[in-house]
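Subject: Structure handover

Dear colleague,

I am passing on the structure below for your files. Please look through it before reading the notes underneath.

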Amino acid sequence: MEPQHRPDPRPAKRRGQLERRFEAFLWHSRLMVLMAVIPALLGALVLFIIASLDVLSVLADTWRHYLSGGDDIHKTVVTDIIVAVDIYLIALVLMIFALGVYKLFVSRIEPAEGRDPHHPFNVSSLDQLKDKIARVVILAVIIEFFRAVVGINFDTPLDAIYLALSVLALALALYLMALAHKQE
């Protein structure tokens, strides 16, 4: 009886070890997303600081105007506040992105686990992350629209009709967003 030909166990063991090391490397490479997460959080922090300083500046201008008759603020106060709200919304987009990407690719965030699954920082898929970011971006665009509307001068009645149609389109977009949100 001829002895069965057995392959040398060392190459298989070596290949298995090399494969395990490579797979461990692949798994740890997910930490590269931290190169997006950390700057996004820092960017959000910077934007929160900028928007807060803008609001404080409006408060200081208002205080000066009413106490000592400083520069007229009536033309700029609403626009400045709208810009600050827009900056806050962009900061929120960065936070939702950073926390969502971290949760999806690096590790679950324990404090978020017991929260409402519909909380903006609580995502379970890339599609859900994209949807939440898109909603905040749409709100930021709407805020930017209202900032632009504040400074409009109506030269003709047609301008007022265009404005009314624009507001109607935005209202329809918000309605459709709310409808889509209910279906989730």
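The notes below cover confidence, overall make-up, helix packing and aromatic pairs.

This is a predicted model, in which local features need pLDDT of at least 70 and side-chain atom pairs count only at pLDDT 80 or more, while totals for chains, interfaces and linings use all residues. Residues are numbered from 1 along each chain as its sequence is written, and side-chain values use heavy atoms, with hydrogens and water left out.

Confidence

The mean pLDDT of the chain is 83, and 89% of the residues score at least 70; pLDDT is the predictor's confidence in each residue, from 0 to 100. Among the elements of the chain, H2 has the highest mean pLDDT, 93, and helix H4 (residues 110-113) the lowest, 75. Where pLDDT is low, the predicted coordinates should not be read in detail.

Overall make-up

The chain has 6 helices and 0 strands, giving the pattern α-α-α-α-α-α along the sequence. Helices (H or I, at least four residues) and strands (E, at least two) are DSSP runs, numbered from the N terminus. Of the 184 residues in the chain, 20% are buried. Buried means under 20% relative accessible area, exposed over 50%, and partly exposed in between (1.4 Å probe, protein chains only).

Helix packing

Helix H2 (residues 34-68) packs on helix H3 (residues 77-105) at an angle of about 160°, with the axes 8 Å apart. Axes are lines fitted to C-alpha atoms, for helices over the stretch in contact, and angles run from 0 to 180 degrees between N-to-C directions. H2 and H3 are therefore roughly antiparallel (angles under 35 degrees count as roughly parallel, over 145 as roughly antiparallel, 65 to 115 as roughly perpendicular and the rest as oblique). The crossing of H2 and H3 is left-handed, a term used if the near helix is turned anticlockwise from the far one by less than a right angle, with right-handed used if clockwise. In the contact of H2 with H3 there are 26 nonpolar, 3 polar and 2 charged residues. Here Ala, Val, Leu, Ile, Met, Phe, Trp, Tyr, Cys and Pro count as nonpolar, Asp, Glu, Lys and Arg as charged, and the others, Gly among them, as polar.

H3 also packs on helix H5 (residues 126-150), at an angle of about 170° and with the axes 9 Å apart. H3 and H5 are therefore roughly antiparallel to each other. Their contact has 22 nonpolar, 2 polar and 4 charged residues. Phe146 lies in helix H5 and is partly exposed, at 34% relative accessible area. The C-alpha atoms of Phe146 and Val83 are 9.8 Å apart, with their positions 63 residues apart along the chain.

Aromatic pairs

There are 2 aromatic pairs in the structure. Rings of Phe, Tyr and Trp (its six-membered ring) pair if their centres lie within 6.5 Å; planes under 30 degrees apart count as stacked, over 60 as edge-to-face and the rest as tilted.

In one pair, the ring centres of Phe22 and Phe25 are 6.2 Å apart and the planes are at 35°, so the pair is tilted. Both residues lie in helix H1 (residues 9-28), 3 residues apart, about one turn of the helix. Phe22 is partly exposed at 48% relative accessibility, and Phe25 is exposed at 54%.

Phe48 and Tyr88 also form a tilted pair, with 6.0 Å centre to centre and 40° between the planes. This pair links distant parts of the chain, as Phe48 is in helix H2 and Tyr88 in helix H3, 40 residues apart. Phe48 is partly exposed, with a relative accessible area of 25%, and Tyr88 is partly exposed at 26%.

Regards
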